[in-house]
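Here is a short tour for anyone meeting this structure for the first time. Have the sequence and the 3D view open, and read along at your own pace.

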Amino acid sequence: MPTKVKELMTKDPVIVPASTTLQEAGRKMKSLECGVLPVGSWDKPEGIITDRDIVIRAVADGVDVTSAEVRDYMTSEVYYCQEDDTLENAAQ
């Protein structure tokens, strides 16, 4: 029987609003021991922000992470799947 997404996914992930500062997002990642956060809300995904986005797109260019917002550094093209999808279907 094929493995389904729900068997491996994180249930109830922390989602941050696009208005979150990069510093707040980084602190949230640190507290959760993760390197990625979904952006938006449960009913409206807007993007994804990674620790790499913060470092490469902002910190390396000298951006003030205490005021810069996630919306300006996140990846906004979001692909998603359903929890009952197989891993093979999700990968496609």
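## A90 and its company

A90 counts as partly exposed, because its relative accessible area is 33%, a value between the 20% that bounds buried residues and the 50% that bounds exposed ones. Keep in mind that this is a predicted model. You'll find A90 in helix 3, which covers residues 87-91.

Which residues does A90 touch, once those up to four places away in sequence are set aside? They are V5 and C81. There's also a link back to the beginning of the chain: K4 sits 86 residues away from A90 along the sequence, yet their C-alpha atoms are separated by 9.0 Å.

## The chain as a whole

Stepping back, the chain has three helices and two strands. Read from the N terminus, the order is α-β-β-α-α. Put a box around the C-alpha atoms along the principal axes and you get roughly 50 × 25 × 25 Å.

The chain has 92 residues, and 23% of them count as buried. The chain exposes about 6,600 Å², with carbon and sulfur atoms supplying 50% of that area. As for contacts, take those between residues at least 6 apart in sequence: 62% of them join residues at least 24 apart.

## Where two helices meet

Helix 1 spans residues 22-32, and it packs against helix 2 at an angle of about 145°. Their axes are 10 Å apart, and the crossing is left-handed.

Who does the touching? From helix 1 come L22, A25, G26 and M29. On the other side, helix 2 brings D51, I54 and A58 to the meeting.

## A nonpolar patch

Helix 2 runs over residues 51-58, and I56 is part of it. With 44% relative accessibility, I56 counts as partly exposed.

I56 also belongs to a nonpolar patch on the surface, made together with V55 and V59. The patch covers about 240 Å².

## Three salt bridges

How many salt bridges does the count come to? The answer is three. One of them pairs D84 with K6, and the closest N and O atoms are 2.9 Å apart. D84 is in the loop between helix 2 and helix 3 while K6 is in the segment before helix 1, so this pair ties together parts 78 residues apart in sequence. Both partners count as partly exposed: D84 has 43% relative accessibility, and K6 has 35%.

Another salt bridge stays inside helix 2, where D53 and R57 lie four residues apart, about one turn of the helix. Their closest N and O atoms are 3.7 Å apart. Is D53 buried or exposed? D53 is buried, because its relative accessible area is 8% and the cut-off for buried is under 20%. R57, at 39% relative accessibility, counts as partly exposed. Then there's E69 with R71, where the closest N and O atoms are 2.8 Å apart. E69 is partly exposed with a relative accessible area of 26%, and R71 is partly exposed too, with 41%.

## Two residues with positive phi

Last stop: a couple of backbone angles to look up in the view. D12 isn't a glycine, but its phi is positive, at about 55°. D12 belongs to the segment before helix 1. Its relative accessible area is 66%, so D12 counts as exposed.

E33 isn't a glycine either, and its phi is also positive, at about 55°. Where does E33 sit? E33 is in the loop between helix 1 and strand 1, the strand made of residues 36-41. With a relative accessible area of 74%, E33 is exposed.

Methods:
Residues are numbered from 1 along each chain as its sequence is written. This is a predicted model: local features need pLDDT of at least 70, side-chain atom pairs count only at pLDDT 80 or more; totals for chains, interfaces and linings use all residues. Side-chain values use heavy atoms; hydrogens and water are left out. Patches are made of residues with over 30% relative accessible area and no salt bridge: like charges are joined within 9 Å, nonpolar side chains (Val, Leu, Ile, Met, Phe, Trp, Tyr) within 5 Å. Accessible areas come from the Shrake-Rupley method with a 1.4 Å probe; for residues, only the protein chains shown count as cover. A salt bridge is a side-chain nitrogen of Lys or Arg within 4 Å of a carboxyl oxygen of Asp or Glu. Buried means under 20% relative accessible area, exposed over 50%, partly exposed in between (1.4 Å probe, protein chains only). Axes are lines fitted to C-alpha atoms, for helices over the stretch in contact, and angles run from 0 to 180 degrees between N-to-C directions. A crossing is left-handed if the near helix is turned anticlockwise from the far one by less than a right angle, and right-handed if clockwise. Contact means heavy atoms within 4.5 Å.
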